[in-house]
Amino acid sequence: MKSKMLAANILLITGIMMACGNTDQDQKIQSEEISQESENEEEAYDDTTVGDSADPDEEVSGNFERKEYMNGDVIGFASGLNVTVVDSGVYSKPDLLDDNKVEKYAFLEVDMENTGNEDIAITGNLFQFYADGYALKNIYLYEDEELPLASDLSPGRKVKGRVYATGENIDSAEIIEAELGDAVIRIYEYGDGADLLDTEVEAIDEYLGALYSIYDGDNHVSLYLDDAGKLCVWYGNEGADEAYYTQTYDAYAIEDHVLYGYAGDFTDEFDFLEDGTVEGHVEVLLSGYGSNHYQTYIQEEEYFGTDWREAFGLE
């Protein structure tokens, strides 16, 4: 009888231990499941300010390819941010410490609207610029039209402004781009010579041709584009067919009717004065030639078509 009771007690104790063991195991499994769900939730939460661009026509595939945008395009992001590319290019600005030096910056002008339900942090540092694949440095120039350094864009609100960047290879770059999230915005591509550093989007053709000195008719300056679309200058004696100075510029800019030619550390200037003594009056500074003051020239059409000598008091 005692043997039967002992056996029964052993079975009861064993059953209790197995039940407890199963409970511990179930709790362990349940704990692991909760932990895994928490990790999945953390992975699903994206704390980026902009997010990926939302293109309804984009097909989902295994090969990821960034879409490229140009001036006039609108980029929509999953966060609700819509970005319109207003303008882009390369901007030139005289150096504050050296009047003969011009600083150059890649710029992007955008119009941004928050169509989402939450505030979106806006700053110029959202944009990353590249010149031939090399990262440029964003810079704040304290211009009136710049994007704010940092602000929160409320739902339904808009902001418009420019972002600037610079770097050592900005002069020689074939391609300049800016990235915003997974969108690539084309800033500049070499080949369109008329738009290179053209801050007023003026046609370069208006500035090409021969310029004749008012002091010596045999000396003249010729501005032209080579086969690659680069701006070139020839300065010399036409009668003797002798060249004093020739230059193929790395880049050029047109601002307030002044044509700037950039070559290394030198900047040549051609100031096409609208209010000059004579129509077609051009002040020329050939820094690359060693000149440190302006010389007066007349465009070819006016040189041969008007009595400019009398206007300048040379007769």
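The second largest pocket in this predicted model comes out at a volume of about 350 Å³. Its lining is made up of 16 residues, and Glu206, Phe272, Glu279, Gly280 and Gln299 are the ones that lie nearest the centre. Sorted by class, that lining breaks down into 6 nonpolar, 4 polar and 6 charged residues. Two elements of secondary structure turn up here with at least two lining residues each, namely β13 (209–213) and α2 (300–305).

Zooming out to the whole chain, the secondary structure adds up to 3 helices and 21 strands. Of the 315 residues, 37% count as buried. As for contacts with a sequence separation of 6 or more, 52% of them come from residues 24 or more positions apart.

One part of this strand-rich picture is an open sheet of 5 strands with mixed pairing, running in the order β1-β12-β11-β6-β7. Its edges are β1 (68–69) and β7 (134–135), each of which pairs on one side only. At the β1 end, β1 and β12 run parallel and are joined by 2 bridges, with Glu68 taking Val184 of β12 as its bridge partner. On to the next pair: β11 (residues 175–180) and β12 (residues 183–189) are antiparallel, with 6 bridges between them. Along this pairing, Ala178 sits opposite Ile185 of β12, and Leu180 is bridged to Ala183. The two strands make a hairpin with 2 residues in between, and Gly181 in the turn shows a positive phi of about 60°. Strand β12 is largely enclosed by the rest of the structure, because 6 of its 7 residues are buried.

Over at the other end of the sheet, the loop between β6 and β7 holds Asp132. This residue has a positive phi of about 55° despite not being a glycine. With a relative accessible area of 36%, Asp132 is classed as partly exposed.

The strands of this sheet also feed into the packing. The largest nonpolar core contains 31 residues, and Leu108, Met112, Phe127, Phe129, Ile176 and Ile187 have the most contacts inside it. At least two core residues apiece come from β3 (81–94), β4 (102–114), β5 (120–122), β6 (128–131), β10 (158–166), β11 and β12. A second core, separate from that one, has 20 residues, including Tyr207, Val221, Val233 and Ile254. Back in the largest core, Ile176 gives a feel for how the chain comes together: setting aside neighbours within four places in sequence, Ile176 is in contact with Val90, Ala106, Tyr130, Ala131, Leu136, Ile170, Ile185, Arg186, Ile187 and Tyr188.

Strand β3 offers another residue to look at, Val83. Val83 counts as buried because its relative accessibility is 0%. Leaving out residues up to four places away in sequence, Val83 touches Asp73, Val74, Ile75, Phe77, Val110, Asp111, Met112 and Leu180. For one of these contacts, Asp73, the separation from Val83 is 10 residues in sequence and 8.3 Å in space, C-alpha to C-alpha.

Further along the chain, β18 (residues 258–263) is mostly covered, and 6 of its 6 residues are buried. In a regular strand, side chains alternate between the two faces of the sheet. For β18, both faces are covered: Val258, Tyr260 and Tyr262 are buried on one side, and Leu259, Gly261 and Ala263 are buried on the other.

Strand β18 takes part in two antiparallel pairings. With β17 (residues 251–255), the pairing runs over 5 bridges, and Glu255 has Val258 as its bridge partner in β18. These strands form a hairpin with 2 residues between them, where Asp256 in the turn has a positive phi of about 55°. With β19 (residues 266–272), β18 pairs over 6 bridges, one of the bridged pairs being Tyr262 and Thr267. The hairpin of β18 and β19 likewise has 2 residues between its strands, and Gly264 takes a positive phi near 60°.

Methods:
Residues numbered from 1 in each chain as written. Predicted model: local features only at pLDDT ≥ 70, side-chain atom pairs only at ≥ 80, totals over all residues. Heavy atoms only, no water. Pairing = 2+ DSSP bridges. Helix = DSSP H or I, 4+ residues; strand = E, 2+ residues; numbered from the N terminus. Buried < 20%, exposed > 50% of the residue type's maximum accessible area, 1.4 Å probe, protein only. Core = buried A, V, L, I, M, F, W, Y, C linked by side-chain atoms within 4.5 Å. Contact = heavy atoms within 4.5 Å. 1 Å grid on protein atoms, 1.4 Å probe; cavity = no way out; pocket = protein on both sides within 12 Å on 5 of 7 lines; lining within 4 Å. Points joined across faces, edges and corners; volume = space filled by probe spheres on them. Nonpolar A, V, L, I, M, F, W, Y, C, P; charged D, E, K, R; others polar.
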